[in-house]
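Colleague: Please take a close look at the part of this model where the record places a binding site. I should like a connected account of its residues and of the elements that surround them.

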Amino acid sequence: MPSPTDWPGSVVRSTFIDFFKSKGHTFNPSSPVVPVNDPTLLFSNAGMNQYKPIFLGTVDPASDLGKLKRATNAQKCIRAGGKHNDLDDVGKDVYHHTFFEMLGNWSFGDYFKKEAIGWAWELLTKVYSLPADRLYATYFGGDERQGLPPDHEARDIWLQFLPANRVLPFGTKDNFWEMGDQGPCGPCTEIHFDRIGGREVPDLVNMGGWFGTTPMCWRCGTWCSSSSTASPTGSLISLPAQHVDTGAGLERITSVLQGQMSNYATDLFAPIFAAIQAATGHAEPYTDRVGADDVGNKDMAYRVVADHIRTLCFAIADGARPGNEGRDYVLRRVLRRAVRYGREVLGGPQGFFSTLVPSVIDSMGEAYPELERARGTITEVIRDEETSFSRTLVKGIERFKKAAAEAQDGVVSGPDAFLLWDTFGFPVDLTELMAEEAGLRKGAREGLRFEAEATGYLQKNEVRTTLDGAKYSEEPVDTWVLAILTKQGFVESSAGVEEGPLGLVLGSTGFYAEQGGQVADTGVITAGAARFAVSSAQVAAGYVLHLGDLESGEIKVGDAVTASIDVERRRRIMPNHTYTHVLNWALREHLGDHVDQKGSIVQPDRLRFDFSNNGPVAPEALAAIEATTRSYIARDERVYAQEVPLAQAKGIHGLRAMFGEAYPDPVRVVSIGRSVEELLADPGAEGNRAYSVEFCGGTHLASTAGARAFALLSEEGIAKGVRRIVAVTGSEAEEAAETAEALAAEIRGLQGLSSLDDLAAKIKTLTVTVDSSPISTVAKAELRGELQTQLKASMACLGGGWRVLDEQKREAAANKDRAVAAAVTAADAAAAVGSRFLITRLDVGLDAKAVQEAWNAIAKAHPSLPVLLASAGEDKALVFAGVPKELAPGFPAGEWLKAALGAIGGKGGGKPTFAQGMGPEVGKLDEALAVAGKLATLKLQ
């Protein structure tokens with residue numbers, strides 16, 4: 001692998017361009033992100049957009065563009081809105097962006113696949129020095145339905161460089177490129193890079209998600225051979241000449257060359273993250289965490305803000321402005337999404353967002369001088385738009401919280417969403433995102449409410465219920481359409497229905513409808529030329545509603561159709577459901593009978609299980625639970641399922657069921673390791689308790705070995721007395737294990753370091769990597785322990801270092817004891833005289849942990865007392881505000897904190913119940929405490 005320090009993003013970009021210039025390509029600068037004379041695009045979303053006239057044969061041959069034969073550049077791209085839209089995914093992972101740079105090289109009727117692939121191989125393996133044994137190539141495997149043949153030409157060229165098991169065919173979804181609904185298209189070939197190496201993992205290529213294509217097996221380049229164009233009717237028309245279009249994302253390639261596991265952990269984003277922390281005053285820097293490891297969505301917020309400020313800077317520099325229509329409204333959505341994350345999650349002050357503009361221009365202005373030329377305009381536009389939204393942001397968030405509290409069946413109502421948009425300026429997708437974060441339902445399909453009114457209509461019209469017995473099979477089901485539901489109600493035909501989701505009720509189905517914690521199947525329903533893409537399924541009153549979009553043709557009530565589920569997706573869901581049962585049983589075995597299931601979600605990529613337990617699960621207990629659950633893979637226990645009369649089933653000793661859940665009669669019993677017949681033969685037998693037995697209508701494995709692997713990723717509290725475990729099976733768990741082993745090997749390699757400074761720096765880096773890696777929480781704890789062991793051993797050998805660390809620990813402990821004693825004494829005195837709040841100074845310098853411990857001690861002794869603590873250092877003062885939960889709605893800790901920090905020129909942030917920050921004007925600390933006292937007196941009258 002190349003050295004990470006050799007490849008800053010700017011060098012990656014220039015090396016690509018210089019390489020293709022050496023191959024006779026003309027450097028043609030990036031076109032604006034706002035397309036010129038192209039109504040089919042909201043934004044330039046690919047490097048080839050500016051070359052469409054060449055591809056379509058409409059270019060003036062006498063123009064400079066018409067004379068091009070070979071070209072190369074780095075194209076500015078925005079994918080927000082339109083066919084290619086990544087807006088909703090940005091922040092949730094470490095590889096989606098709305099703005100990115102596409103490195104490209106093109107041939108216009110000149111060279112074709114042989115040269116394109118050969119030069120790609122040379123660039124990656126000779127210039128960038130990527131190991132050839134970690135590269136995989138994909139090619140278009142054809143599509144009989146559309147009459148598209150496989151691209152054997154590309155396959156045969158790749159076989160000159162790679163063995164056959166690393167040259168893989170895929171369908172139109174992955175290897176047939178389309179610029180938009182209309183325009184140039186054609187088969188593409190891609191190069192994927194294995195982040196780990198030393199293995200053969202063709203099954204990971206194009207898997208997608210955190211454990212699939214990104215980041216463990218990364219697509220680092222796409223070479224498209226455009227030979228057709230899509231017409232408005234969807235038909236393909238041959239182009240006048242054959243062309244080559246290469247797209248290689250700068251962010252992805254840079255992360256590979258810098259040895260990072262994410263696009264955001266590179267020097268392309270580091271200066272922006274630093275600016276975000278400075279602007280918001282957040283106590284913690286960006287740490288590249290995702291999912292359950294990203295406590296409070298802090299890193300998600302960093303990613304959203306960093307990505308969106310880049311998008312807005314480039315769009316505004318190229319002439320776009322936030323507004324109410326088309327691309328302008330997309331930009332308004334982008335800005336308001338970023339401002340909301342920066343203000344609510346990171347604690348940024350009003351106006352923070354526009355102060356980030358210089359970080360983008362200073363880091364990218366050399367490559368794109370138009371940014372520097374528009375510096376003033378960009379800042380002014382963003383500042384004005386931010387100010388406009390800030391006027392209603394806080395009240396809008398309060399209105400959303402009220403709507404969430406009043407949500408029926410976990411759904412924010414349409415009128416509430418409209419009010420948030422119309423009155424408070426919240427775009428609908430922002431409301432949907434906030435709903436998701438609050439654990440409520442969201443999504444485009446929520447417009448179809450399959451509830452009492454709809455099912456009552458079906459019953460009134462004597463529509464028979466859906467036969468869904470085939471949901472435990474993977475085979476397509478030949479059936480017929482009973483009803484078609486739209487936002488306007490039921491219709492007889494899809495013809496004439498305005499654009500939007502549809503719902504089909506079928507006579508029979510193999511689709512599993514969302515229930516029991518398991519997500520619904522997806523797939524397709526076909527009828528001749530009609531094709532309906534199913535994105536979800538709901539069941540109510542015996543009817544199964546298949547929700548989705550009609551992609552082609554027309555569907556009428558009474559039509560004969562074929563319903564086909566996405567089999568591969570179903571096969572990823574089944575092991576997660578089976579191991580939800582195993583985990584439930586293991587928790588009871590190791591923690592006791594008090595453990596009850598409080599909820600679960602079973603998805604293709606993970607399982608989530610909520611259960612009752614007072615306090616965190618001890619590390620040794622978690623290790624035992626994970627080991628017990630994993631043992632079922634080697635044991636290969638058979639999974640049995642059978643419908644049983646409810647009263648008889650309830651008599652099985654050891655049965656696990658959700659308290660308060662209404663179960664059907666008969667009920668489906670799922671047992672692991674002992675047949676249902678054996679259980680019923682002696683339902684009270686003590687031995688039945690040794691088996692996982694549950695009521696469940698979900699889809700499961702035939703035997704437990706089918707999961708292949710299991711990893712318990714996290715355990716955390718979500719409410720008083722309720723804990724949550726997130727776990728994975730299958731390839732996701734295998735990837736977790738491989739990542740953990742790779743990290744363990746890297747830690748073992750620390751023994752060769754002789755410099756204490758080098759060791760400390762390496763351990764710091766590895767600690768962040770371990771903490772942010774999606775690996776078993778048990779393995780994570782072991783790796784953390786090993787890092788500490790390595791540090792202790794090395795410091796002992798290097799002499800004296802550990803004694804210094806011990807002394808620092810003793811000083812910190814003394815600080816904490818001093819802070820706690822002083823704080824509790826002051827709180828006792830305040831309570832004795834009936835004071836409604838406490839403001840006091842501590843003498844612990846800038847030791848934030850000691851101040852936090854002082855607040856914790858007061859909260860235990862006087863839980864209803866609001867407290868503001870301050871401590872002065874040499875050049876800064878630390879302020880901490882803590883407010884009881886019941887008082888926080890009217891007197892949030894952040895408001896109290898900001899009142900104090902304003903007097904000492906400081907910044908801070910936190911949650912409604914606690915917040916902290918610092919300020920440089922130490923001499924005004926007494927004044928700050930007086931201001932805080934006046935506010936508390938006013939608020940708590």
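**The annotated site and its surroundings**

Modeller: Cys696 has a relative accessibility of 10%, and because the limit for a buried residue is under 20%, Cys696 counts as buried. The model is predicted, and the values that follow are computed from it. Cys696 belongs to the loop between strand E21 (692-695) and strand E22 (710-719). Leaving aside residues up to four places away in sequence, the contacts of Cys696 are His577, His581, Arg668 and Val670.

Two of these partners lead to the annotation itself. In an unreviewed entry, UniProt gives the feature "binding site" at His577, His581, Cys696 and His700. These positions are spread over 124 residues of sequence, yet they cluster in space, with a largest C-alpha distance of 9.9 Å.

His581 is part of helix H16, which covers residues 567-591. With a relative accessibility of 2%, His581 is classed as buried. Again with residues up to four places away in sequence set aside, His581 touches Val670, Ile672, Ser692, Glu694, Cys696 and His700. Cys696 and His700 in that list belong to the annotated positions. Val670 is a contact of His581 and also appears among the contacts of Cys696.

The remaining contacts of His581 lead to a sheet. Three strands form this open sheet in the order E19-E20-E21, with antiparallel pairing. Strand E19 (639-644) and E21 stand at the edges with a single partner strand each, so one side of each has no neighbour in the sheet. On average, and ignoring direction, neighbouring strands here are turned by 20° against each other.

Strand E20 (residues 667-672) pairs with E21 over four bridges in the antiparallel sense. Within this pair, Ile672 stands opposite Ser692 in E21, and His581 touches both Ile672 and Ser692. Helix H16 lies across E19, E20 and E21 and runs at about 120° to E21. The contacts of His581 with Val670, Ile672, Ser692 and Glu694 can thus be read alongside the placement of H16 across the sheet.

The approach to E20 also deserves attention. Most peptide bonds are trans. Asp665 and Pro666, however, are joined by a cis peptide bond, with omega of about 5°. Pro666 lies in the loop between helix H18 (646-649) and E20. Strand E20 itself comprises residues 667-672, and Arg668, a contact of Cys696, falls in that range.

Backbone geometry of another kind appears elsewhere in the chain. Most residues other than glycine have a negative phi. Ser129, in the loop between helix H3 (113-127) and strand E4 (135-140), has a positive phi of about 60°. Ala541, in the loop between strand E14 (530-540) and strand E15 (543-552), has a positive phi near 55°. Unlike the buried His581 and Cys696, Ser129 is partly exposed at 36% relative accessible area, and Ala541 is partly exposed at 45% relative accessibility.

To return to the site, the picture joins a helix, a sheet and a loop. His581 comes from H16, the helix that lies across the three strands, while Cys696 comes from the loop between E21 and E22. His581 and Cys696 are in contact.

Technical notes: Residues numbered from 1 in each chain as written. Predicted model: local features only at pLDDT ≥ 70, side-chain atom pairs only at ≥ 80, totals over all residues. Heavy atoms only, no water. UniProt positions renumbered as here; feature names shortened; annotations may be inferred. Helix = DSSP H or I, 4+ residues; strand = E, 2+ residues; numbered from the N terminus. Buried < 20%, exposed > 50% of the residue type's maximum accessible area, 1.4 Å probe, protein only. Contact = heavy atoms within 4.5 Å. Pairing = 2+ DSSP bridges. Axes fitted to C-alpha atoms, helices over the stretch in contact; angles between N-to-C directions.
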